Amino acid sequence: MALTDTVAEELQRAVQGVLPGVRALRQDLHAHPEIALHEKRTAACVRDALRAAGLAPWPPLLDTDVIAELPGADSRTTICLRADMDALPIDETTDCTYRSTTPGMAHSCGHDGHTAMLVGAARVLAARQGPLPVNVRFVFQPGEEIVAAGRDLVARGACDGVSAAYALHGWPGLPVGVVAGRSGPVMAAAAFFSVQLTGSGCHGSTPECGNSPLTAAAEIVQALERLHADVQAEDGSVVSVCSLRGGQSANVIPERCRIEGTVRYLEAARGAQLEQRIRAVITQRCDARSIQADLDYTSRYALPTINSEAASARARSLVQHHLGSALWHELTAPSMSSEDFAYYLEGREGAMLRLGMGEESPSLHNPAYNFNDDALANGIFTLCALALAGA
Ligand SMILES: [Zn+2]
Ligand SMILES: [Zn+2]
């Protein structure tokens, strides 16, 4: 369904009306970051804001999630708008007045902005006269980082009955307020590996008396680098070694060491193959040196985030028509970072869009990252427009 210019203009005015409150909420959440599955204060703030807007939040499906719905004229169709609420275990280095008050925690992925925008969208849509065209479900999810709680939330029914789901992620490097998207993969699937190598420790002066796991580790790191080059050439997949720990002293050959890293790919079916190849690299090197390998391989973000054609086209046309074509950016390639929003899109329409935070913005997960409030209005508008455009 297209959005008329009159409705879009009303929407713009309503967005301006909620903007001061949304900015204040964003900065308050920024000052009080909570990491994955500990979003108690954040969830309480969201619940209070939704109740104040006349919505009735559901009993939580997990613990710190907040979900509420506005009814539509077509009660059989539901659009889901999703925001994530969790912060990261990072020491913030910005000097803004509302910097994190919790040492070791910061909103360095900008989920404070995502949460505040969705509260803004709920306030705008709840205040509209007459019924919405379709039901609109607002999902504020905990634990996007590290634990992929979105996957559990969807499994518990957060998306039951939903025909299309949308999310916006603040994105450094894009001009402020620009909305970006594409049809097809936008974010990668991710797996993580951690392997403990056990050999036999001894005095550094007599290496022949032991069996150093460090030698096997060095070979494995190099072999995984070669594997990365191969899979990059095959289909752009990524294998990265990110941590290598072993030994504590210059005269002791250690008993154990550990290698950790991550794998990224753009087709779900690729995951099992990559796991097999990594296992083979490790087993081969360890067997050759009689080193014991204990591999922990996890893939909680096992799906790439794939935007549907129709939802991407809808977002593109709404933004181009109502915000202006300069405010739409068509992505040419996916990011190899990952998102549990992939689970919202499994088997249904929808799109994960990006919202420009400015070319000078520090990168995501950088301790100086701070969601850009100047993008809030376009973000709220886009969410509302997607909801009103229906499915
Ligand atoms: Zn993140
Ligand atoms: Zn994020």
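Me: How far apart do the C-alpha centres of domain 1 and domain 2 lie?

Reply: A centre-to-centre distance gives you a first feel for the layout. In this predicted model, the C-alpha centres of the two domains are 37 Å apart. Domain 2 covers 188–301, while domain 1 is built from two stretches, 5–183 and 308–388.

Me: And how many residues of each are in contact?

Reply: For that, you count residues on either side. Here, nine residues of domain 1 meet eight residues of domain 2. On the domain 1 side, strand 14 (residues 335–338) gives the largest share, three residues. Sort that side by class and you get five nonpolar, two polar and two charged residues.

Me: OK, now the sheet. What is the order of its strands?

Reply: You read a sheet by walking across it from neighbour to neighbour, not along the chain. This one is open, has seven strands and goes 1-3-2-4-15-5-13, with mixed pairing. Strand 1 (66–70) and strand 13 (328–330) are the edges: each has a single partner strand, so one side of each has no neighbour in the sheet. Going from one strand to the next, the twist averages 25°.

Me: Can you zoom in on one pair? How do strand 5 and strand 15 run, parallel or antiparallel?

Reply: Look at their directions and at the bridges between them. Strand 5 (residues 179–181) and strand 15 (residues 349–356) are antiparallel, with two bridges joining them. To find one on screen, pick A180: its bridge partner in strand 15 is R354.

Me: Which strands does helix 7 touch?

Reply: With a helix on a sheet, check what lies under it and at what angle. Helix 7 (residues 309–322) packs on the sheet and touches strand 4 (162–171), strand 5, strand 13 and strand 15. Its direction is at about 40° to that of strand 15. Then there's helix 2 (residues 40–52), lying across strand 1 and strand 3 (132–141) and running at about 15° to strand 1.

Me: What about two helices? At what angle do the axes of helix 5 and helix 6 cross?

Reply: Take the closest approach and the angle together. Helix 5 (residues 213–235) and helix 6 (residues 270–288) have axes that come within 9 Å and cross at roughly 150°. An angle over 145 counts as roughly antiparallel, so that is how these two helices are described. The crossing is right-handed.

Me: Which residues make that contact?

Reply: Helix 5 brings residues including A216, I220, L224 and D235, and helix 6 brings others, among them L274, I278, V281 and C286. By class, the contact has eleven nonpolar, no polar and five charged residues.

Notes:
Residues numbered from 1 in each chain as written. Chains lettered and ligands numbered in written order. Predicted model: local features only at pLDDT ≥ 70, side-chain atom pairs only at ≥ 80, totals over all residues. Pairing = 2+ DSSP bridges. Helix = DSSP H or I, 4+ residues; strand = E, 2+ residues; numbered from the N terminus. Axes fitted to C-alpha atoms, helices over the stretch in contact; angles between N-to-C directions. Contact = placed C-beta atoms within 7 Å. Parallel < 35°, antiparallel > 145°, perpendicular 65-115°, else oblique. Left-handed = near helix turned anticlockwise from the far one by under 90°. Nonpolar A, V, L, I, M, F, W, Y, C, P; charged D, E, K, R; others polar. Domains from an automatic or database assignment.
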